[in-house]
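Please look over the sequence and the structure shown here, and then follow the report below, which goes through a few of its features under short headings.

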Amino acid sequence: MDSTYTVSEPTNPDTKLVPMGGREVFVVMISGFAVGALVAVAYILLNKYVFGSVLCRLEGSAECGKAPVYAEVTAQVIGIIIGVAALVRLRVYRPLLVILATAVTLWSLSALIGGVHWYESVIFGGVLFGLAYGLYTWLARIRSLILAITLILILVVVARLVTI
């Protein structure tokens with residue numbers, strides 16, 4: 001008994017966009033919020049309890065100033081891995097493009113959330129990641145890869161210039 005299943009989704013290759021409803025974009029944005037909140041919490045915890053404790057043992061140490069950078073990079077890598085897994089699970093079109101654009105756009109998140117209470121930074125990080133996931137997912141559904149990459153690159157450059 002051979003039981004083979006085929007899943008066929010109705011697609012129209014003549015359309016310029018991969019079909020995606022508002023519900024799917026909303027779920028992606030909620031996923032982005034969760035990843036952003038996780039990145040913010042990971043940054044705070046890694047900076048305070050891991051890198052800050054290890055690198056700032058000696059007062060006036062030159063390495064102490066690098067603790068936030070190490071914490072941010074580590075938190076972003078954790079967020080990238082979890083974000084890719086989440087978007088693949090949600091069957092987002094071109095998830096790696098969305099994640100890379102979000103990571104480059106929000107790479108200096110610690111500079112944006114520094115100096116505020118921890119709960120504000122978690123909310124702010126979540127909102128920024130949620131908006132970035134939603135925007136880049138919406139743009140990545142353009143069927144032309146060159147056009148999608150070009151538009152996303154333009155937005156990434158503009159976002160980086162605004163946050164400098």
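## The second largest pocket

In this predicted model, the second largest pocket is lined by Thr105, Leu106, Leu112, Phe124, Leu128, Leu131, Ala132, Leu135, Tyr136, Leu155, Ala159 and Thr163. Its volume comes to about 190 Å³. Sorted by class, the residues of this lining are ten nonpolar and two polar, with no charged residues.

Two helices, α5 (118-140) and α6 (145-163), each supply at least two residues of the lining of this pocket. Of the contributors, α5 gives the most, with six residues.

## Thr105, a lining residue in α3

Thr105, which is one of the residues lining the second largest pocket, lies in helix α3, a helix that covers residues 95-105. Its relative accessibility is 9%, and because buried means under 20%, Thr105 counts as buried.

The side chain of Thr105 reaches back to the backbone oxygen of Ala101, at a distance of 2.7 Å. When neighbours within four places in sequence are left aside, Thr105 is in contact with Tyr136, Val156, Ala159 and Arg160. Among these partners, Tyr136 and Ala159 also belong to the lining of the second largest pocket.

## The setting of helix α3

Eight of the eleven residues of α3 are buried, and therefore this helix is largely enclosed by the rest of the structure. The buried residues of α3 are Pro95, Leu97, Val98, Ile99, Ala101, Thr102, Ala103 and Thr105, so that list takes in both Thr105 and Ala101, the residue whose backbone oxygen is reached by the Thr105 side chain.

As for what surrounds them, the buried residues of α3 pack against α2 (67-89), α5 and α6. Two of these helices, α5 and α6, are also the ones that each supply at least two residues to the lining of the second largest pocket.

## The loop between α2 and α3

Arg91 lies in the loop between α2 and α3, and its phi is near 60°, a positive value in a residue other than glycine. Arg94 is found in the loop between α2 and α3 as well, and here too phi is positive, at about 55°, although Arg94 is not a glycine.

Are these two arginines buried or exposed? Arg91 has a relative accessibility of 64% and counts as exposed, whereas Arg94, at 17% relative accessibility, counts as buried.

## Trp118 and Ala40

Trp118 has its place in helix α5, and at 58% relative accessibility it counts as exposed. How many residues separate Trp118 from Ala40 in sequence, and how far apart are they in space? They are 78 residues apart along the chain, while their C-alpha atoms are 8.3 Å apart.

## The disulfide

A search of the whole structure finds one disulfide. The bond is formed by Cys56 and Cys64, whose sulfur atoms are 1.9 Å apart. The torsion about the S-S bond of Cys56 and Cys64 is about 95°, and therefore the disulfide is right-handed.

Both cysteines count as partly exposed, Cys56 at 26% relative accessibility and Cys64 at 29%.

Terms used:
Residues are numbered from 1 along each chain as its sequence is written. This is a predicted model: local features need pLDDT of at least 70, side-chain atom pairs count only at pLDDT 80 or more; totals for chains, interfaces and linings use all residues. Side-chain values use heavy atoms; hydrogens and water are left out. Helices (H or I, at least four residues) and strands (E, at least two) are DSSP runs, numbered from the N terminus. Buried means under 20% relative accessible area, exposed over 50%, partly exposed in between (1.4 Å probe, protein chains only). A polar contact is a pair of N or O atoms within 3.5 Å; within protein, one must be able to donate a hydrogen and the other to accept it, and residues adjacent in sequence count only if both atoms are side-chain atoms. Contact means heavy atoms within 4.5 Å. A disulfide is a pair of cysteine sulfur atoms within 2.5 Å. On a 1 Å grid over the protein atoms alone, a cavity is a set of points where a 1.4 Å probe fits but cannot get out, and a pocket is an open set with protein on both sides within 12 Å along at least five of seven lines; lining residues have an atom within 4 Å of a point. Grid points are joined across faces, edges and corners, and a volume is the space filled by probe spheres set on the points. Ala, Val, Leu, Ile, Met, Phe, Trp, Tyr, Cys and Pro count as nonpolar, Asp, Glu, Lys and Arg as charged, and the others, Gly among them, as polar.
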